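Let's take a walk through this structure together, one residue and one element at a time. Have the sequence and the 3D view open as you read.

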Amino acid sequence: MTQAKNGNDVVKDWLENNLQSLADIVAETAVFCPIDKFDSIKKANNETTAYIYYTRRGTKNKLLIRRTKPKEKKRQIVSQGNSQVYLDENSWINKDFKKITDMSGCKNYQTCHIWPGLAYKEKCFSAVANIVLLPKYIAAFSDFIPEIQDILKYRAYDLFGWYPEDEGVAQPQEPKHYPKIWTKPDSREVSQKTVNEKLEIWSTKPQSIVHKTIAIIKQAGGTIDRKEFKKKLTGISSKPEMTIASLSSDAGNSYGKVFQGVDDRITICSEYMALINKLWK
């Protein structure tokens, strides 16, 4: 008889050996509020917290329903003392935070709260330093994996100098598995220093698509015909053209501009050639 497994235990065992890889994926794909927009929202609030509007999650959520507290409908405005409070379940936040980060046209990104348990605090629910966009496939990591929550907390604190101190939360400390490389929040571009660091990481992962892609062009002497390159990538990448494009740009969530295209040839950028020759044996 097969022994019953606990899914949480399986994941915990996997994380013991792969947490850094998971953290790196989050760091490369997470989208935070641009610093200048954080500053302008904070100034408009005239407070230490930069929040989009005075809002919280409604108590219709079954986990918070109490006999002494009536249910509240989502997407309405209720009176609370002398203030008007928006009740949201992430719909407004998701729409407006994507506008702030210029991600409105992007699909399969979810708005995630960084500090758990604060969705019912009016100044924390829409605090832009408490929000991050993550690809849908990995968004749940921010809810269920404490180590991922810790790296997001420290990243937000490092960017904005803010944490929910008024709620009794301790100042974040740099976690053991904190990634060295993060996508920049202002322009989501990658610096040369960051690409160098990425190359060092990719060189240690010979089974990865990026490692194999760079290996092909390195073995060809640093330059290769685009059609031949795409043909060699067949079987390594399901979307060869996209892989090449992502290694040829600093924009968005691209890997970084390691390659450049000249006519019908793809060439390793000269500033990275020496490092790639050193790292890719």
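Start at Leu 134 in this predicted model. Beyond its neighbours within four places in sequence, Leu 134 is in contact with Val 26, Ala 30, Asn 108, Tyr 109, Gln 110, Cys 112, Ala 139, Ser 142 and Leu 152. Two of those partners, Val 26 and Leu 152, will help us find our way.

Now step back to the core around it. The largest nonpolar core has 44 residues, and Leu 134 is one of the four that touch the most other members, together with Phe 32, Leu 152 and Phe 160. Two or more residues each come from helices H1 (7–29), H2 (35–45), H3 (91–100), H4 (122–125) and H6 (146–160), and from strands S4 (109–113) and S5 (131–135). Which of these gives the most? H6 does, with 7 residues. A second, separate core holds 23 residues, including Ile 214, Ile 217, Met 273 and Leu 275.

Helix H1 deserves a closer look. H1 contains 23 residues, yet its end C-alpha atoms are only 26 Å apart, whereas a straight helix at 1.5 Å a residue would reach 33 Å. The helix also has a kink of about 80°, centred on Asn 18. Its buried residues are Leu 15, Leu 19, Leu 22, Ala 23, Asp 24, Val 26, Ala 27 and Thr 29. What do they pack against? Their partners are S4, S5, helix H5 (141–144) and H6.

Next, follow H6 to the aromatic residues. The structure holds 8 aromatic pairs. One of them joins Tyr 154 and Tyr 178: the ring centres are 5.0 Å apart and the planes meet at 85°, so this pair is edge-to-face. Tyr 154 lies in H6, while Tyr 178 sits in the loop between H6 and helix H7 (192–202), so the pair ties together parts that are 24 residues apart in sequence. Are these two tyrosines buried or exposed? Tyr 154 is buried, at 16% relative accessible area, and Tyr 178 also counts as buried, at 13%. Both belong to one aromatic cluster with Phe 32, Tyr 157, Tyr 163 and Trp 182. Phe 32 is a familiar name here, as one of the residues that touch the most other members of the largest core.

Finally, a word on cysteines. A disulfide is a covalent bond between the sulfur atoms of two cysteines. How many disulfides does the structure hold? The count is 0. Cys 112, one of the contacts of Leu 134, is buried because its relative accessibility is 6%, under the 20% cut-off. Cys 269 is buried too, with a relative accessible area of 4%.

Note on methods:
Residues numbered from 1 in each chain as written. Predicted model: local features only at pLDDT ≥ 70, side-chain atom pairs only at ≥ 80, totals over all residues. Heavy atoms only, no water. Core = buried A, V, L, I, M, F, W, Y, C linked by side-chain atoms within 4.5 Å. Buried < 20%, exposed > 50% of the residue type's maximum accessible area, 1.4 Å probe, protein only. Helix = DSSP H or I, 4+ residues; strand = E, 2+ residues; numbered from the N terminus. Contact = heavy atoms within 4.5 Å. Disulfide = S-S within 2.5 Å. Phe/Tyr/Trp six-rings, centres within 6.5 Å; stacked < 30°, edge-to-face > 60°. Expected span 1.5 Å × (residues − 1). Bend = angle between axes of the 7 residues up to and from the residue.
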